[in-house]
Amino acid sequence: MCTLPYATGRRRKRARTTPGSLRWTSVGVAGPLLLLLPLLLTIIGSVVQCQTFIRRTANVCRTDDECPLQAYCERYNSVHEYGVCSCMAGYFAVTDSNNTRRCLRAATDIGDYCLHNDQCQYTLSTGNSECRDNSCQCVDGAHYVEREKRCYKTSYLGEYCRLTNNCIGNDTYCRDGICVCTPGKHPNADRNRCLHDAKLGDQCFRDEECVTDNSRCAQEICTCRVSHVLNEQRNRCLPIASKIYDLCEENIQCLYNIPHSQCRITTGTDGITAGRCTCASRFHEAGFKCVSSVHLNGICEVNDNCIDRDTGCYHGRCRCIDHMIEVDGICSGASTFRPNSLAYGLVLVTVLGTLYGIS
């Protein structure tokens with residue numbers, strides 16, 4: 001940014017302004033121009049070096065009254081007492097559409113009234129600010145930093161940065177060329193703000209605050225998502241198993257959807273240890289569910305309860321299926337008499353039971 005070389009210790013001219021207007025008067029000074037030609041060349045040279053913010057209006061003058069509004073006569077030739085009009089402190093020269101210059105006030109903050117981009121760029125940053133709708137604003141791709149009162153090129157969290165001021169949002173800083181959050185905070189989904197790290201059981205106001213994997217904010221408390229369950233140590237959310245043989249780490253994952261199940265941890269031949277949902281003791285798998293295991297003559301509810309070969313659930317007990325008879329505690333089909341209905345089979349079982357004293 002070019003710095004305006006304002007003179008010090010010089011009398012300032014009282015601003016001749018009227019509400020809603022900025023006007024200035026030109027002075028006819030054709031004669032002295034030849035005498036001041038070397039001075040004008042020097043002025044032009046200084047303008048080339050600092051083209052953005054020009055202090056001198058190029059008006060030759062003898063007194064302050066011969067200068068535009070918000071300018072004074074800066075003298076360089078003590079012999080002829082000729083000078084050049086220069087804008088007062090806080091103002092700089094801009095060129096109108098009719099190629100004349102006037103002094104405009106430099107903006108001091110975002111949102112200040114403006115007529116020209118230079119009014120904003122002098123204070124708010126060259127290239128990152130502009131005059132938009134007569135208001136000083138940061139350009140697209142830049143943001144305003146309140147503590148610096150300047151516009152800086154925007155870098156989102158996780159993106160490259162040169163300065164901490166490039167990093168958008170509070171509680172951000174540039175570390176090793178990357179925008180990151182301060183400790184104890186993490187980026188939001190849009191990567192333009194840092195949120196407080198809320199763990200399971202901590203207070204929260206939105207899901208993004210909950211940092212534990214697969215957690216959410218429910219009733220202002222971080223809890224596990226509906227597809228996950230809290231582990232025994234209450235510091236992780238584990239996926240809920242939907243059927244037998246799904247992967248697991250703890251029993252609660254299996255029991256949530258599969259009654260009478262457990263998580264069995266085994267180590268394979270490859271040396272990898274993993275857990276899978278299996279049925280608990282005295283239960284077995286049937287249709288990817290766990291049902292109670294019932295032996296012959298035991299009380300049952302459905303056929304899947306009966307685990308002995310060739311048995312089914314008949315009238316609330318596990319019995320041999322059709323065309324099979326119980327022989328020494330097992331179902332056998334060796335009998336020469338083979339009834340063709342369940343009724344005959346039951347009669348035969350009753351008779352045999354009487355003969356052998358089976359009650």
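Hi everyone. Let me begin with a word I'll use a lot: a residue is buried when its relative accessible area is under 20%. One reminder before we look around: this is a predicted model.

With that cut-off in mind, let's start with a cysteine pair. Cys 87 and Cys 103 are both buried. They form a disulfide, with the sulfur atoms 2.1 Å apart. This pair links distant parts of the chain: Cys 87 sits in strand E3, residues 82–87, and Cys 103 in strand E5, residues 101–105, with their positions 16 residues apart in sequence. Which hand does the disulfide of Cys 87 and Cys 103 have? Its S-S torsion is about -85°, so this disulfide is left-handed.

That pair has plenty of company, as the count comes to 18 disulfides. I'll show you two others.

One of them joins Cys 120 to Cys 136, with an S to S distance of 2.1 Å. Cys 120 belongs to helix H3 and Cys 136 to strand E7, so the pair ties together parts that are 16 residues apart in sequence. The torsion here is about -85°, so the disulfide of Cys 120 and Cys 136 is left-handed. Are these two cysteines buried or exposed? Cys 120 counts as buried because its relative accessibility is 0%, and Cys 136 is buried at 0% as well.

The other joins Cys 138 to Cys 151, S to S 2.0 Å. Cys 138 is in strand E7 and Cys 151 in strand E9, residues 150–153, so this pair ties together parts 13 residues apart in sequence. With a torsion of about -85°, the disulfide of Cys 138 and Cys 151 is left-handed. Cys 138 is buried, at 11% relative accessible area, and Cys 151 is buried at 1%.

Now, where do these cysteines go in the bigger picture? The largest nonpolar core has 10 residues, among them Cys 120, Cys 136, Cys 138, Cys 151 and Ala 107. The elements giving two or more residues to this core are helix H3, 117–124, and strand E7, 135–138. Ala 107 has contacts beyond its sequence neighbours, including Cys 120, Cys 136 and Gln 119.

Last stop, a glycine. Gly 177 lies in the loop between strands E10, 172–175, and E11, 178–181. Its relative accessibility is 18%, so Gly 177 counts as buried. What does Gly 177 touch, leaving out residues up to four places away in sequence? The answer is Glu 159, Tyr 160 and Cys 161. Gly 177 and Cys 161 are 16 residues apart in sequence, with their C-alpha atoms 5.0 Å apart in space.

Thanks, everyone!

Conventions. Residues numbered from 1 in each chain as written. Predicted model: local features only at pLDDT ≥ 70, side-chain atom pairs only at ≥ 80, totals over all residues. Heavy atoms only, no water. Helix = DSSP H or I, 4+ residues; strand = E, 2+ residues; numbered from the N terminus. Buried < 20%, exposed > 50% of the residue type's maximum accessible area, 1.4 Å probe, protein only. Contact = heavy atoms within 4.5 Å. Core = buried A, V, L, I, M, F, W, Y, C linked by side-chain atoms within 4.5 Å. Disulfide = S-S within 2.5 Å.
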